[in-house]
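Student: I should like to learn how to read a protein model. Could you guide me through it step by step?

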Amino acid sequence: EFESRITELATQLKGQLNVYDSDVEEMFCRIESDEALVTYKLHELNGLWEEVSGQCRRRQAAILEFDGSLEVLEQERTKMISGIFKYYTAHVETIAYLVPSDAIRLMASESQMINSSILSNRRMYANTMGALLAA
């Protein structure tokens, strides 16, 4: 469920970024040739620069919004996993042939692996955000 929501968010962001990039490319095409550039007045170039700057701000805002959405999804996933672990830890303690401390130790090691996976996801999200914001 969470992966499909993340994929949907990423697809939406990719579409937005493509639109922003094509808009900026179109803006730069206006002054691509030397002949076109010479015909521009300073205030027109400043206006063009403001348009490009505005597109960059909108692009950055979309990336930051995506980052916030990923953070919310990861918090939801963490809460869900925590609830599941608490539920099954209680059941394993009552039905396991192990003593309760061994059952808890077993669940703790499983929990540690899942926590490692969650941290890895967050690290990858941070790397992705850094790359998107630097681009």
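Tutor: We shall go from the overall form to helix H1, then to the surface and the charged pairs. Please keep in mind that this is a predicted model.

Student: Which elements make up the protein, and in what order do they run?

Tutor: One begins by listing the elements along the chain. The protein has 4 helices and 0 strands, and from the N terminus on the order is α-α-α-α.

Student: What does the radius of gyration say about the form of the protein?

Tutor: One sets the value beside that of a compact globule. For 135 residues such a globule would have a radius of gyration near 14 Å, whereas the protein has 25 Å. The spans of the C-alpha trace along the principal axes add to the picture: they are about 85 × 20 × 20 Å.

Student: How much of the protein is buried, and how far apart in the chain are the residues that make contacts?

Tutor: Buried residues account for 21% of the 135 residues. Among contacts with a separation of 6 or more, 76% join residues 24 or more positions apart. As for the outside, the protein exposes about 9,500 Å², of which carbon and sulfur atoms supply 60%.

Student: Let us take one helix. What is the reach of helix H1?

Tutor: Helix H1 covers residues 2–29, which is 28 residues. From its first C-alpha to its last it reaches 40 Å, close to the 40 Å expected at 1.5 Å a residue.

Student: Which residues of H1 are buried, and what covers them?

Tutor: The general idea concerns spacing: an α-helix has 3.6 residues a turn, so residues three or four places apart point the same way. In H1 the buried residues are Phe2, Ile6, Leu13, Leu17, Tyr20, Val24 and Met27. Their cover includes helix H3 (42–95) and helix H4 (100–134).

Student: Which residues make a nonpolar patch on the surface?

Tutor: Met80, Ile84, Tyr87 and Tyr88 make a nonpolar surface patch of about 410 Å². One of these residues, Tyr88, lies in helix H3. Tyr88 counts as partly exposed because its relative accessibility is 45%, between the limits of 20% and 50%.

Student: How many salt bridges are there in the whole structure?

Tutor: The general idea is that side chains of opposite charge can pair when their charged atoms come close. A search of the whole structure finds 9 salt bridges. One of the pairs is Glu3 with Arg77, whose closest N and O atoms are 2.9 Å apart. This pair links distant parts of the chain, since Glu3 is in helix H1 and Arg77 is in helix H3, 74 residues away.

Student: Are Glu3 and Arg77 buried or partly exposed?

Tutor: Glu3 counts as partly exposed at 48% relative accessibility. Arg77, by contrast, is buried, with a relative accessible area of 11%.

Student: Which residue does Arg5 meet in a salt bridge?

Tutor: The side chain of Arg5 meets that of Glu76, at 3.0 Å from N to O. This pair also links distant parts of the chain: Glu76 is in helix H3 and Arg5 is in helix H1, 71 residues apart. Glu76 is partly exposed at 32%, and Arg5 is partly exposed at 29%.

Student: Which residue forms a salt bridge with Arg30?

Tutor: Glu26 is the partner of Arg30, the closest N and O atoms being 3.4 Å apart. Arg30 is partly exposed at 31% relative accessibility, and Glu26 is partly exposed at 43%. Elsewhere, salt bridges that share partners join Glu1, Arg5 and Glu76 into one network.

Note on methods. Residues numbered from 1 in each chain as written. Predicted model: local features only at pLDDT ≥ 70, side-chain atom pairs only at ≥ 80, totals over all residues. Heavy atoms only, no water. Helix = DSSP H or I, 4+ residues; strand = E, 2+ residues; numbered from the N terminus. Expected span 1.5 Å × (residues − 1). Buried < 20%, exposed > 50% of the residue type's maximum accessible area, 1.4 Å probe, protein only. Contact = heavy atoms within 4.5 Å. Patch = residues over 30% accessible without salt bridge, like charges linked within 9 Å, V, L, I, M, F, W, Y side chains within 5 Å. Areas by Shrake-Rupley, 256 points an atom, 1.4 Å probe, with all protein chains shown as cover. Salt bridge = Lys/Arg side-chain N within 4 Å of Asp/Glu carboxyl O. Rg over C-alpha atoms; globule rule 2.2 N^0.38 Å.
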